[in-house]
Amino acid sequence: MTNDAAGLASEFELKLAGPRAAVLQAFEAFTVRNHGEQVGPMRPARRLSAVYFDTPDRRLLARSAALRVRRENGNFVQALKIARGALDRLEHEATTRGSAPELELLPADIRPVLGALYAEELTPVFATDVQRRRREIVRDDGFGRVSRVELALDEGEVSAGGRTEPILELEVELKQGDRALVFDVGESLIDAGATRIINSSKAARGYQLADGTTPTATKAVKLRLLPNESVGDAFGRIMESVVTQWLANHDVAFDGRDVEGVHQLRVAVRRLRSALTSFGLVLAPERLAWLKGEARWVMAELGPARDLDVFCGEMLPPIAAARLNDAALARLRCTAEDARSAAYERVRVALASPRYARFVLRLTQWLMTRGWHADADAALHLQLGGPLDDFARHVLERRAKAVRKRGRHFADLDIDERHELRKTLKKLRYAVEFFRELYAPKPVKRYLARLEKLQDAFGHMNDMAAAESVLAGIVEQGDARLTEAKGLILGYYAHAASAVEDELSADWQAFAAAEPFWKVHGRC
Amino acid sequence: MLTVLVANTKGGCGKTTTATHLAAAFAGAGLKTALADCDRQRSSLGWIAARPAEAPAIAGVDWVKGPGKSPQVDRLVIDAPAAMRMGGIEELILEADVVVVPMLPSVFDETSTTRLLTKVQAVKPIRKGKKALGLIANRLRPRSKAGVRLERFADEQTHELVGRIPDRAVYADVARDGLSVFDLRGTRGEALRSDWLPIVRFCENQA
C-alpha cells in the first residue's frame, strides 16, 4: 500500500476463488514457486463484520465508491474505497466514535468525488461478516529490495434484507515493494486449485443482494491517442483499455444472466487480438504467438454461447413471430435453449479453469510492467520509441492493401474468398478504430461510413453462415421435425442474403473508391 | 464541475433563496462552490457579502452583464435574471447541466412559469431530455388550497416537482445574515435542510 499526501492509500490486490477444499488447501499449504520467499505462519482468525452505507438513490455506488464501518477490537473503523480503473482503488480509513459513518473525517480532496453528501442521507444497505485468516509472504531480492504481500482467506457471508450469500475468497494484497510478488503468489494459488479470478468486490455483491440487481456488462471507454506519443505508449494505453473492459465483464459473463456479459468479454478479447495484430510489427514474435493462441482459445470457448444467444435472441424471433403455431419451430427453440444452457456451462468451466486464470494474470502483469519493452530486441526498441502517427499510417496502408488484394475481381469471388475478404475488412476496421483520433474527424467518418456499410452487407451473408453452423450443431440427422424447422430458417436467411447481393457489389464499389483519410495530409 | 441554473421570469418566487441554499448545500458538503449572479438587483452577491467568515466559503461571481468565464470549482450555481429574454435564457441553459425552476403557489406564478417552461422547452438539450429540469414549490403552506392547486399544476407539466419548501420565517432571518438552513447547527438545522435534500439529490444525480 502506498500513501499519497492526502493520506489516501492506493491498493493493489488480486482475488481468487474455487472449490472450498482447494481454496482451503491453497491457503494452508501455501508455498511459492520462486526461491527466497519466506511464508509466514497462519495468524489466528479474526472476525470482521462491516456495515455498508449509501443514500437511498445509491449515489456512492454511482460514483464507484463503497463506504463501510467495521468493528475491530472494540473500535469502529470507517473505510471508503473508490475504484480507479479495473486494477487500482483509493482507500481511506479513520476511526469513528460509533457505528455511524462520519463524513467530516474524509480528506477534503475526496469530497468532490462523492458530490454533495449529507450524513443523514446515509442508511445501512448490507452487511458482511467473515472470518479472516492471514499470512504474510516476504521476498528479499538480495539486491536491497524487500516485498511483502498479505494472503488472506475470507470465509463468511454477505447479508441484506434477510437474504444471505456465502463468501469464500483468497485475497492477495501488496503491502510493500514489487507487484511481481502478487502475481507470483497468484500463480502458486492457481497451481493449488484456486483457479477462479474474482474481479467484483464484496460491496458489488452486497448491492446486488440488497437491490435485487444482477451484474451487468460494461462497454469499453473511448480512447484518445495522441499523434506525438510513442508507439509503445499508445500500445500500453490500448492494452489498458482492453484489460479494463475484460476484467469489468469477466464476472458478468461467469454469472451469465446478462447476455451482454459474454458479448462484451468477447469484444474485449477481439480488441486484444486486433491490437496484437495492428501492433504485431513491434512485438516479440514468441510473445505474440503465445498471446494470440490463448486469445483464440478463449474466443473458441465463448463462441458457442454467443452464437446461441444471437440465434435464440435475434435470429429465431422474427421467424417465430411470422409462424406462431409452428410445432417444428417450437421444438427447435427448446432444443436451442438447451444447447444454450450447455454452452454457458462451457463458458463457466473455461472461465474457472487454470489456463484462463493464468492467461488473465500474465496478461495483466505484462500490461502493468509494460512487458513489451522488456521483450524487445534493439530493433524493436527503436520502433517502440518511434512516433505513433508514422506507425499508424504504415499500419493503415498495410491493412488497406490487404483488402484491395483480397477484393480484386470482386464479382467472381466464391464464398470462401468472400469470407477471407470479410476478415481483412474487419482488421482494417479495427486499425481505423484504434487510430481514428489521430486524424481530422470528417474524412475518417466518411471513410468509416462506407466501410461500415460494406461490413453490414457482408454481415447479412454471415448471418446465414452463422445460422447454418448453429443448426448443424443442434439438429441431429433423422429428426424430421427439427430438419423441417432448419430448412425454414436457412430458407429465410438465404433469401435475406440474396436480397442484398446487388447492394453488396455497389457497397464494394463505393468503398473501393473511398479516399484513404490517412493520406489526405500526406501531400504538402 | 456541475452547473445548476436557477431560473424563473417572475421576481419574488424564491429564486435567490433557492440559489443561495443550493450553493450553501454544496459548500457545506465540502465542495468548492461558486454562485454567479445574473440579476440586476445582485441579491445573491449581497448575500455572499453578508456571509460570515466561519461559514463554508462560497465564491461570488458577477454575471449581471452576461455570463463570463466559468470559475474553477466543483459546483457552480447560477442565479438567472428575472425578466429574461429568449436569447439570454438559451445561453444560460447551454452553460448549465441541470435547471431548477422555483415557483410560488399563486395563479400569477402559474402563468409566468408556464411562459418560462414553454420558452425553456424550445431549447434543444431540454427538449431532447439531455438536460434535466425540476420544479420547486416554494413557500408552501401545508394543506392550503393554493398548495393543492400548485401540486395539481405541477402534475400537468412534463417536468417533475423535485422539492417542496414550506413557508417559514427562518428563511428571512438566515438570508439577512448571509446564511442558509445548511449553516444552522443541531437537530433544527437538520430538520430544515431535509426539505432541501431532495433538490440537492436531483442535482447530484445529473453529476
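Me: What share of the 524 residues of chain A count as buried?

Reply: In this predicted model, 32% of the 524 residues of chain A count as buried. To earn that label, a residue needs 20 or more other C-beta atoms within 10 Å of its own. For chain B, buried residues make up 46% of the 207 residues.

Me: What makes chain A as compact as a globular protein of its length?

Reply: Let's start with its make-up: chain A has 17 helices and 11 strands. Its radius of gyration is 26 Å, and the globule rule gives 24 Å for 524 residues; the two values are close, so chain A is as compact as a globular protein of that length. Along the principal axes, its C-alpha trace spans about 80 × 65 × 50 Å.

Me: And how do you know that chain B is as compact as a globular protein of its length?

Reply: The reasoning runs along similar lines. Chain B contains 9 helices and 7 strands. For 207 residues the globule rule gives 17 Å, and the radius of gyration of chain B is 16 Å, which is close, so the chain is as compact as a globular protein of that length. Its C-alpha atoms fill a box of roughly 40 × 40 × 30 Å.

Me: Why is helix H1 of chain B called largely enclosed by the rest of the structure?

Reply: Here we can count. The cut-off for a buried residue is 20 or more other C-beta atoms within 10 Å, and 14 of the 14 residues of H1(B) are buried, so this helix is largely enclosed by the rest of the structure. H1(B) covers residues 15-28 and reaches 20 Å from its first C-alpha to its last, close to the 20 Å expected at 1.5 Å a residue. Just after H1(B) comes Gly30(B), with a positive phi of about 85 degrees.

Me: Why is Arg370(A) called partly exposed?

Reply: Partly exposed is the class between 12 or fewer neighbours, which is exposed, and 20 or more, which is buried. Arg370(A) has 15 C-beta neighbours inside 10 Å, so it counts as partly exposed. You will find Arg370(A) in the loop between helix H10 (354-368) and helix H11 (371-375) of chain A. Its phi is near 50 degrees, a positive value in a residue other than glycine.

Me: Is His409(A) buried or exposed, and how do you know?

Reply: Try the cut-off yourself: 12 or fewer neighbours means exposed. His409(A) has 7 C-beta neighbours inside 10 Å, so it counts as exposed. His409(A) lies in the loop between helix H13 (388-406) and helix H14 (415-435) of chain A, and it has a positive phi of about 50 degrees although it is not a glycine.

Me: How do you know that domain 1 and domain 2 of chain A touch?

Reply: Two residues are in contact if their C-beta atoms lie within 7 Å. By that test, 13 residues of domain 1 of chain A are in contact with 15 residues of domain 2 of chain A. On the domain 1 side, helix H4 (180-191) and strand E11 (196-197) each give two or more residues. H4(A) gives the most, with 4 residues.

Me: How many residues of chain A are in contact with chain B?

Reply: There are 11 residues of chain A in contact with 14 residues of chain B. The chain A side has 5 nonpolar, 1 polar and 5 charged residues.

Methods:
Residues are numbered from 1 along each chain as its sequence is written. Chains are lettered from A and ligands numbered from 1 in the order in which they are written. This is a predicted model: local features need pLDDT of at least 70, side-chain atom pairs count only at pLDDT 80 or more; totals for chains, interfaces and linings use all residues. The radius of gyration is taken over C-alpha atoms; the globule rule is 2.2 Å times the number of residues to the power 0.38. The expected span of a helix is 1.5 Å times one less than its number of residues. Ala, Val, Leu, Ile, Met, Phe, Trp, Tyr, Cys and Pro count as nonpolar, Asp, Glu, Lys and Arg as charged, and the others, Gly among them, as polar.
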